[in-house]
Amino acid sequence: MTGTNDKLRGLFLAVLMVVSVFAGTIALSGTAAAANTDPGVSSATESGDVLTVEFNQTALGDGSRLDAEHFQVWVKQAGEDNFTEYSTNSTASVTLDDADIEHPYNGSTAKLQIDASQGSNGGWDALDPADEVKVNITKIDSSNAPDGKYTTGNFTVDLTAATIDSTSSDFNTEDSPARVYQGSPITIAARNDNTPFLWERVSDNQTILEGSTGENSQAVTFDSGNLETGTVYRLIFNPTDSGTQDVSNKGSRRVRYVRVIDLDLSASLNQDGTEFDHDESVELDITGDANRGNSDLLVNTGIDSEIGTIDNVGQIDLSYSYSQANSPAGDYTVTVTDVKTGITVTAGEYSVDEFPEADSASFGNVGREERGDVAEIPINLQGTEDEAPVVVQIGNKGDVNYVVNVTVEDTNGDGEIVLEFNSFNAGTNISKRVVTAQGADEVTAWSNESGSFLEDIDDLAQSEGRGMVSKNATQAKLATLDAATYDLEVSTAAEGDNITDPQFSNFSAEDASALNLNSRATESSSVWVSPEGRTNTVDKAYLYDNIDDSADEVDGNVTQSDIAATDEIIVHQVVATGIEGAMRNRTDRGANATVAFLEELNTSSRSGAYAVFDAAFREQNPGPNAAKERFDLDTTNLKVIPDYQNDTYFLVVKLSGIDQSKLEGGQEGGQDWDARFGLESYDAVGPVIGGTGGGTVESEWTFYDASASFNSSEGDTVVVRTQSNQTIAGTTNVAPGTELEIRVRGPTYLEIFNVRVTPNRTWSLTTDVFDEKASNESLTLRALSKGLDDPEIGSAPGEVRGIPQATVSFSDQAVVDSDNQEVVVDSATLSEGGYVVIHEGGAGGEVIGSSKYLSSGSHQNIRINLDTPIDGETTLVAMAHLDTNGNNLYEFPDADGPYADADGNPVIDSATVNVDTPTPSPTPSPTPTDTPTDTPTDTSTATDTDTATGTGTATATDTDTETPGPGTTTEGGPGFGIIVSVIALLAAALLAARRRD
């Protein structure tokens with residue numbers, strides 16, 4: 001206790017300091033008389049537990065002796081917090097009787113004596129210098145007092161560790177001195193007032209002090225602190241040789257002896273110099289020793305006074321703890337006092353920081369959240385100090401039937417607090433499950449939740465048959481705060497505010513805001529696949545870094561897909577709001593996210609009748625009369641990765657950890673599965689988390705046994721050449737990013753290559769190892785996924801062949817300017833068949849045409865249609881290409897690479913090709929002819945005609961013959977002109993056909 005105890009003890013020590021051997025004066029406790037006519041206290045001492053009060057003149061009450069009604073005595077023994085009152089008052093702890101008072105009528109001394117053995121009136125234990133005694137004497141006759149009665153007021157009695165009494169026969173020889181510990185108070189008691197005394201050192205008869213008991217006093221308390229340890233002193237009452245003191249001889253000469261010894265009390269505070277935070281418990285450990293054991297100690301920690309002990313061998317080992325509520329700010333000194341002697345030593349010092357305050361507080365952008373999630377409530381502080389607290393109220397009973405008050409501390413003094421409110425756990429009345437703070441900041445107290453929402457949950461939780469305990473975390477599943485608007489208020493706190501049980505009604509809101517809880521929903525589902533063997537490395541960073549990361553195949557991919565293969569990792573991605581609170585209900589207590597999910601899964605015995613999640617991996621279409629298989633999920637095959645900020649949850653399933661008898665991916669079409677996620681619902685107070693907006697989402701995928709195939713050149717055979725840059729490629733159903741090992745075994749060698757599966761589930765490698773291999777050798781090719789129990793997932797036969805040979809001849813030429821241009825390659829020799837391809841501008845130019853497949857051997861006049869017409873004079877390049885995959889389709893660059901010469905350059909020839917524009921022929925105009933006129937013939941007169949002779953065969957003559965005109969025929973007879981035209985057309989067609997050949 002700080003305050004009264006320190007002040008009283010300080011007064012007591014001050015009195016002892018005044019009465020020192022060097023001062024040579026008497027310390028008077030209490031109030032001296034204002035004038036000689038007023039009775040006053042000359043001294044107040046204690047000896048043998050008897051209090052002696054002496055006055056400066058006769059003190060009477062109503063003209064007679066003082067008795068019990070005139071005295072009030074308060075005793076506070078060492079270590080006690082309060083004084084015990086001894087008086088005739090009805091409220092006193094112990095009643096005084098007149099018999100306890102010794103007061104001679106004709107003297108100035110009044111003695112108050114109370115039995116220290118706890119008699120019929122009660123009493124105190126033996127008084128020691130570490131105790132405190134205060135006395136007030138009332139109703140003393142005084143002519144100066146207005147009503148004739150004088151009151152001394154409270155004065156302190158000097159307590160002693162030993163009494164040297166001139167009237168006693170004790171300690172009267174040098175061989176039997178009183179043993180006094182250096183520094184303890186000694187009462188020097190004489191028979192008469194103002195008795196002189198003399199201290200002498202026995203060893204050399206040196207006078208140490210000449211003094212007296214003082215006027216109107218028979219006793220004085222003497223501080224032995226300046227006496228030498230290990231020394232015997234002679235105390236002489238009424239010395240006859242006192243030549244310097246102006247004191248009359250008050251009695252017979254008496255000699256007493258005192259030996260001063262060293263208690264050698266020492267104490268050390270282990271936390272000396274420690275600065276405790278304002279909200280930190282003060283822990284004090286004190287060690288030390290003394291030359292006497294089995295003794296009580298008064299330990300003043302500055303916060304309180306405690307009783308400790310010195311053990312039986314003189315050792316001190318004490319510990320004290322004070323809560324933050326009992327540790328006011330300030331600097332403290334720890335002292336240790338030996339109760340019997342009053343000797344005090346300082347153990348050390350410590351301090352408690354001032355209460356930290358902020359000037360003001362306000363809310364940041366609270367925003368919106370979904371019911372069941374953990375809402376973030378940002379608070380900004382101005383003028384803040386480290387650990388400055390603010391009080392926040394969430395909700396109100398009138399509008400939403402729910403309210404909670406919390407104290408949150410800005411631990412690092414950065415002026416920013418983010419209070420987290422778990423709306424799923426609201427109603428459990430478990431503070432650490434409902435409100436927390438991000439980072440170093442801390443929720444230090446709350447006032448408990450209240451409102452009819454709490455009352456209804458408590459009633460349901462304790463109802464018969466539910467087997468639930470009130471205020472258990474399971475209550476969170478019985479109801480979740482409704483979608484509504486919850487008021488927010490905030491205030492800073494100051495010294496003296498009750499922040500350990502915050503009630504916002506005791507504060508003034510400095511800012512207000514609102515938390516809007518929306519309805520929740522299960523929004524979407526998708527399935528991703530990751531290569532086998534990556535389970536231990538899969539976390540949130542891995543997922544987001546590798547999702548469809550085709551640019552960095554070496555690190556592996558996570559690919560959205562509806563297929564998965566042997567021992568791979570299935571990632572079921574669920575986007576759902578309102579379930580963060582259910583997860584953190586367990587993770588904030590130390591469980592990892594996977595355990596938290598499994599314990600709330602409807603298949604878990606831990607969740608009982610109140611599971612939160614309904615999630616499963618189930619087989620689809622198992623076939624007639626067959627049950628659907630289902631994955632048994634546990635910590636060996638499942639990892640749950642939450643992304644609370646994005647309301648996204650990844651259920652990562654390791655297929656190698658699933659019972660392999662349930663997986664049958666070798667059948668045609670694979671094995672169909674369904675990844676399903678939803679929430680459970682059940683009877684409760686209001687809507688549970690799986691109520692309105694619960695929803696179920698599903699994603700289908702197919703499981704296959706892992707397999708891979710090789711791209712072949714001829715049938716199933718993979719052909720490689722005895723040259724550099726040979727490519728071996730293939731396809732697979734394993735996840736992109738999977739590392740495959742390709743093994744190529746020849747007659748006398750084994751080559752091993754590592755490849756990664758691309759996002760489109762292909763793979764390839766290019767190598768120079770066959771450059772020096774022998775041709776016409778058979779190969780065996782195998783693809784392995786090394787993490788599998790049976791790693792071989794594909795194989796193919798192969799063959800090493802020599803370098804293919806080719807020649808191309810391409811001459812300059814002209815083509816007709818049209819949309820269907822055609823060039824002619826003079827000749828090409830292809831040792832293994834293939835194509836002749838036309839490039840524009842050069843060998844690296846655009847491909848603008850290719851021939852049909854050409855069989856192995858030589859070919860002449862190869863006509864190639866141009867896919868893109870040329871314009872004007874252009875350089876074209878004819879290049880010979882192989883048919884590497886044997887499908888008779890030109891597919892470069894995916895396949896069908898060019899023939900190469902001895903230097904590895906493609907086989908080409910170039911030509912300059914011009915474009916001719918044809919000149920149109922003019923159409924002849926018809927020549928007009930005269931219309932013949934019929935001439936009448938004289939048929940009545942015969943005409944003389946020459947008659948042919950001989951064989952009757954006509955003989956041609958050189959005579960010009962007139963060209964027949966229209967309507968006439970030549971010797972050929974009728975229709976001859978039509979026949980000639982048909983023959984001409986056939987000839988033209990034949991010529992065109994020959995040119996194409």
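What follows is a conversation about how some descriptions of this predicted model are justified.

Colleague: Before the details, what makes up the secondary structure of the protein chain?

Modeller: The protein chain comes to eight helices and 62 strands, where a helix is a DSSP run of at least four residues and a strand a run of at least two. Of its 997 residues, 47% count as buried, and the chain exposes about 47,700 Å², of which carbon and sulfur atoms supply 43%.

Colleague: What share of the contacts between residues at least 6 apart in sequence join residues at least 24 apart?

Modeller: With contact taken as heavy atoms within 4.5 Å, the share in the protein chain is 67%.

Colleague: Why is helix H6 called mostly covered?

Modeller: A residue is buried when its relative accessible area is under 20%, and eight of the eight residues of H6, which spans 580-587, are buried. Among them are Glu580, Arg584 and Arg586, together with Gly581, Ala582 and Met583. The description of H6 as mostly covered therefore rests on that cut-off of under 20%.

Colleague: Why is strand S31 said to be largely enclosed by the rest of the structure?

Modeller: Nine of the nine residues of S31, residues 388-396, are buried, so the strand is largely enclosed by the rest of the structure.

Colleague: How do you know that S31 pairs with strand S32 and with strand S36?

Modeller: Pairing requires that DSSP find at least two bridges between two strands. S31 and S32 (residues 402-410) pair in the antiparallel sense over nine bridges, with glycine 395 opposite valine 403 in S32. Five bridges join S31 to S36 (residues 485-492), again antiparallel, and the bridge partner of valine 390 in S36 is threonine 492. Since the requirement is at least two bridges, S31 therefore counts as paired with S32 and with S36.

Colleague: Turning to the sheet with the order S12-S14-S17, why are strands S12 and S17 placed at its edges?

Modeller: That sheet is open, with three strands and mixed pairing. S12 (162-165) and S17 (219-223) each have a single partner strand, so one side of each is left without a neighbour in the sheet. From one strand to the next, the twist averages 25 degrees.

Colleague: What makes strand S14 a partner of S17?

Modeller: Five bridges join S14 (residues 185-189) to S17, and the two run antiparallel; one of the facing pairs is proline 185 opposite aspartate 223 in S17. Because pairing needs at least two bridges, S14 and S17 qualify as paired strands.

How values were computed. Residues numbered from 1 in each chain as written. Predicted model: local features only at pLDDT ≥ 70, side-chain atom pairs only at ≥ 80, totals over all residues. Heavy atoms only, no water. Buried < 20%, exposed > 50% of the residue type's maximum accessible area, 1.4 Å probe, protein only. Axes fitted to C-alpha atoms, helices over the stretch in contact; angles between N-to-C directions. Areas by Shrake-Rupley, 256 points an atom, 1.4 Å probe, with all protein chains shown as cover.
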